[in-house]
Amino acid sequence: MEKLVIKGGRPILGQVEISGAKNAAVAILPVAIIASKGKCIIENIPDIEDVNCIERILEDLGCEIKRENNSVSIDSTNIISMDANTEDVRKMRASYYLIGALLARFKKAKVDLPGGCPIGVRPIDQHIKGFEALGATVTIESGAVKVEADRLIGTSIYFDVVSVGATINVMTAATLAEGTTILENSAKEPHVVDVANFLNSMGASIKGAGTDVIRIIGVKELTGCTYSVIPDQIEAGTFMIAAAACGGEVTINNVIPKHLESISAKLMEMGAEVHEGGDSVTVKAKGRLKAVNIKTLPYPGFPTDVQQPMNTLLCISEGRSIINESIWEARFKHVDELKKMGASIKVEGSVATVDGVDKLIGTVVTASDLRAGAALVIAGLIAEGTTEILGIEHIDRGYPNIEEKFRSIGADITRVTI
Ligand code: EPU
């Protein structure tokens, strides 16, 4: 086991490179198996445990996977199984993207129900609704989702809730359906657009991704392609918030500033300076920032995935902030840990009231999930004294080389084996 040890209270300064987006990569890799001919070469893949997990899952299904630096090649021409039932499948959220891809290509699949971070109930009713509308029969049998269809036929589907996963999964299944599918009330997140662009590079015909209406004209087959994953909006947001919290000046490179607008706007409202470059943002802050209210919303609203890191910054901001978490009802597991460090936070249902304190004090804390881990790293960076973070396997699932990246901008953070 490992832990992170942080000696806090130093400003962070310099430049940091953002990796490829986790939530795009963990969708694109399983979706790649839809190609019945040719290899997919996916570039800008982040070096994270969730990607390793997906690669193992694909190998178990019979894909040939080769990893070279940040590039992964997937040859799925000789897939031997449509039944994904390993421990890796059960622990990952994104394994459900196998359902859409296998259903499209083979008209059948059996995939164990997915896991993921413990941040609330994570239903898949909208995925099922979409697959059924396309003509599939869906059953849940001994903890697995079983889908089967003689034919998939394009139709109109209106999602009851805005869901990233359901939008990507049903869009994927529809690429090989007969005729036209229209998805309404679709998610608009950057990684939805990235998966659509990837599928289009393989020969699909998808228009409108990034708006709430996506139109897919079914094609006969998809073939391998070379594709580069977009930069990680959430990793970038985490470094932006860290820079604002530590009172430093950090230029965050390899980003799409447009994807970060809701975060930039909040940091500016708090009194930080944010300057956008072509593919970078610079965040500069000095002293205590002002409290603000946050409501998490689907894109382009404030992302739920940076709510927890933002909560840390609000802990030391001046005044009272209200956080309204409207996507995941249990995304406050970091709060008790921040309180151990001196934060004043009260959670009632999906609302957290944060009263800013002068400082946090280092202690031993435990990450319960990925973004809780990121919140605790930022807390350690700003706290007086030493913070030890346990449970860092959660952080490694989604942040590549987090300690090296923070060290490169002046943080005192080390990984220690325990
Ligand atoms: N929902 C339903 N029915 C469904 C699907 C979703 O009611 O069939 C609800 C959920 O309960 C939730 C809301 O819709 O309240 C949004 O869920 P969504 O489907 O968008 O989430 P997801 O696809 O399971 C992805 C990311 C999450 C991120 C959310 C929201 C991946 C692998 N995960 O999850 O990322 O929080 O979108 O943006 O892409 C993270 O990276 O830390 C993380 C948890």
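This is a short tour of a predicted model, going from the domains to the helices, the sheets and a few backbone oddities.

**Stop 1: the two domains**

Start by colouring by domain. The domain assignment gives domain 1 as 2-19 plus 231-417, and domain 2 as 22-228. Put a dummy atom at the C-alpha centre of each domain and you'll find 30 Å between the two. Now show the contact between them: 25 residues of domain 1 touch 18 residues of domain 2.

**Stop 2: helix 4 against helix 6**

Select 97-106, which is helix 4, and 164-174, which is helix 6. Two packed helices are described by the angle between their axes and the distance between the axes. For helix 4 and helix 6, the axes come within 7 Å and cross at roughly 10°. That angle is under 35 degrees, so helix 4 counts as roughly parallel to helix 6. The crossing of helix 4 and helix 6 is right-handed.

Turn on side chains here. From helix 4 you want Tyr97, Ile99, Gly100, Ala101, Leu103 and Ala104; facing them in helix 6 are Val164, Gly165, Ile168, Asn169, Thr172 and Ala173. Colour this contact of helix 4 with helix 6 by class and you get eight nonpolar, four polar and no charged residues.

**Stop 3: helix 6 against helix 7**

Keep helix 6 on screen and add helix 7, residues 190-201. Helix 6 and helix 7 pack at about 10° with their axes 10 Å apart, which means helix 6 is roughly parallel to helix 7. On the helix 6 side, pick Val164, Thr167, Ile168, Met171 and Thr172; on the helix 7 side, pick His191, Val192, Val195, Ala196 and Leu199. How many residues of the contact of helix 6 with helix 7 are nonpolar, polar and charged? The split is seven nonpolar, three polar and no charged.

While you're here, look at Val164, Ile168 and Thr172 again: they belong to the contact with helix 7, and they're also on the list of helix 6 residues that meet helix 4.

**Stop 4: helix 7 against helix 1**

Leave helix 7 up and bring in helix 1, residues 22-31. The axes of helix 1 and helix 7 come within 9 Å and cross at roughly 30°. That makes helix 1 roughly parallel to helix 7 too, and the crossing is right-handed.

The side chains to show are Asn23, Ala24, Ala27, Ile28 and Val31 in helix 1, plus His191, Asp194, Val195, Phe198 and Leu199 in helix 7. This contact of helix 1 with helix 7 has seven nonpolar, two polar and one charged residues. If you still have the helix 6 selection visible, check His191, Val195 and Leu199: they appear in the contact of helix 7 with helix 6 as well as in the one with helix 1.

**Stop 5: the sheet 10-11-13-12**

Switch to cartoon. Strands 10, 11, 13 and 12, in that order, make an open four-stranded sheet with mixed pairing. Its edges are strand 10 (156-158) and strand 12 (205-207), each paired on one side only. From one strand to the next, the twist averages 15°.

Next, zoom in on strand 11 (180-184) and strand 13 (213-217), which run antiparallel and are joined by five bridges. Click Thr180 and look across to Ile217, its bridge partner in strand 13.

**Stop 6: the sheet 2-15-17-16**

Here's another open sheet of four strands, ordered 2-15-17-16, again with mixed pairing. Strand 2 (13-17) and strand 16 (273-276) are the edges, and the strand-to-strand twist averages 15°. Select strand 15 (249-253) with strand 17 (280-284): five bridges join this antiparallel pair. Glu249 sits opposite Lys284 of strand 17.

**Stop 7: a hairpin and two backbone oddities**

Strand 8 (137-141) and strand 9 (144-148) run antiparallel, joined by five bridges. Thr139 is opposite Lys146 in strand 9. Two residues lie between the strands of this hairpin, and Ser142 takes a positive phi near 35°.

Most residues other than glycine have a negative phi, and most peptide bonds are trans. Which way does the phi of Asn69 go, positive or negative? Asn69 has a positive phi, near 50°, and lies in the loop between strand 4 (64-68) and strand 5 (71-75).

Finish at Pro300, in the loop between strand 18 (294-295) and helix 10 (307-315). The bond from Tyr299 to Pro300 is cis, with omega near 10°.

Technical notes
Residues numbered from 1 in each chain as written. Predicted model: local features only at pLDDT ≥ 70, side-chain atom pairs only at ≥ 80, totals over all residues. Heavy atoms only, no water. Pairing = 2+ DSSP bridges. Axes fitted to C-alpha atoms, helices over the stretch in contact; angles between N-to-C directions. Parallel < 35°, antiparallel > 145°, perpendicular 65-115°, else oblique. Left-handed = near helix turned anticlockwise from the far one by under 90°. Contact = heavy atoms within 4.5 Å. Nonpolar A, V, L, I, M, F, W, Y, C, P; charged D, E, K, R; others polar. Domains from an automatic or database assignment.
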